[in-house]
Structures are given as C-alpha cells and as structure tokens.
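Me: I am new to this structure. Please walk me through it with short questions and answers.

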Amino acid sequence: QVQLVESGGGLVQAGGSLRLSCTDSGNIISVNAIAWYRQLPGKQREFVARIGRYGDANYADSVIDRFTISRDNAKKVVFLQMSSLKPEDTALYYCNVPASTSWNRPLYSWGQGTQVTVSS
C-alpha cells in the first residue's frame, strides 16, 4: 500500500521557520506532482503548495513569498520550507498527489500529517 509520510512539524514562534518533509514507501514521489495541504483547527483541509514532476511550483495566496516547495526525486522527498510563520499557519500539514484537474482533490488516502504550531 502506497503511503506518503509527513515529518518536520513542531512548535515555533511567530516569525520563525520550519522545513517539512514528505517521503514515500513506494515510487510515488519521483514520478508525480506532489502537493502540500493543511487543515486548520475547525476548518476543512486546504491546498498550500504544489510542485510538478520537473519542479514547477504553485502556491496558495496565503503562503506566497513565505513558503517554498522543492523536491529531490533521487531521494524521493518533497520539502516545504516555511518562513515568516504566523499563528494562522497553525495546522496539521499533509502531502499527497494532487489530481491534474483539481489540485484540491488528492489521489491517495491521507497520511498522519505533521503538526505545525506557531505561537504568537
């Protein structure tokens, strides 16, 4: 069973940085676009950023110029570098393969996610 695993979350003060990692147990990351999503407390999961197979990136308006998505296909890992973090970035962060027709629609089941908590 394909599984994407998120890691790197933690507690950070506002203005700080964190780097999240997404790895897989199969061969998904190296051949697909990968997206990061997050679920804020009491809200629906939302799209954060996407990186295509060859490195083209897209971001939600709320994270542009603060978050950077990157990938290392050889190591089968996708990163989400988060800077200038705000309390409103506090959420459970997930990675998944986005559908080509709608980045909000993931193709695989969700993993456990990694918690990011930003204190003010």
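Reply: Strands here are DSSP runs of E with at least two residues, numbered from the N terminus. The model is predicted.

Me: In which strand is the place of Asp24?
Reply: Look at residues 18-24. Asp24 belongs to that run, which is strand β3.

Me: How far from Asp24 is the nearest side chain of opposite charge?
Reply: Asp24 is buried and has no salt bridge. A salt bridge needs a side-chain nitrogen of Lys or Arg within 4 Å of a carboxyl oxygen. The nearest candidate is Lys76, and its distance is 4.2 Å.

Me: Which backbone nitrogen does the side chain of Asp24 reach at 2.7 Å?
Reply: Two backbone nitrogens come up here. That of Ile28 lies 3.3 Å from a polar atom of the Asp24 side chain. The one at 2.7 Å belongs to Ile29.

Me: Which residues does Asp24 contact, leaving aside its neighbours within four places in sequence?
Reply: Lys76 is one of them, though it forms no salt bridge with Asp24. The full list is Gln3, Leu4, Ile29 and Lys76.

Me: Which residues of strand β10 point to the buried face?
Reply: Side chains alternate along residues 114-119. Gln115, Thr117 and Ser119 point to one face and are not buried. The buried ones, on the other face, are Thr114, Val116 and Val118.

Me: Which residue in β10 is the bridge partner of Leu92?
Reply: Strand β9, residues 91-96, runs antiparallel to β10, with three bridges. Leu92 pairs there with Gln115.

Me: Which residue in β10 stands opposite Leu11?
Reply: Strand β2, residues 10-13, pairs with β10 in the parallel sense over four bridges. Opposite Leu11 stands Thr117.

Technical notes
Residues numbered from 1 in each chain as written. Predicted model: local features only at pLDDT ≥ 70, side-chain atom pairs only at ≥ 80, totals over all residues. Heavy atoms only, no water. Buried < 20%, exposed > 50% of the residue type's maximum accessible area, 1.4 Å probe, protein only. Pairing = 2+ DSSP bridges. Lys, Arg positive; Asp, Glu negative; His and termini not counted. Polar contact = N/O pair within 3.5 Å; in protein donor to acceptor, adjacent residues only side chain to side chain. Contact = heavy atoms within 4.5 Å.
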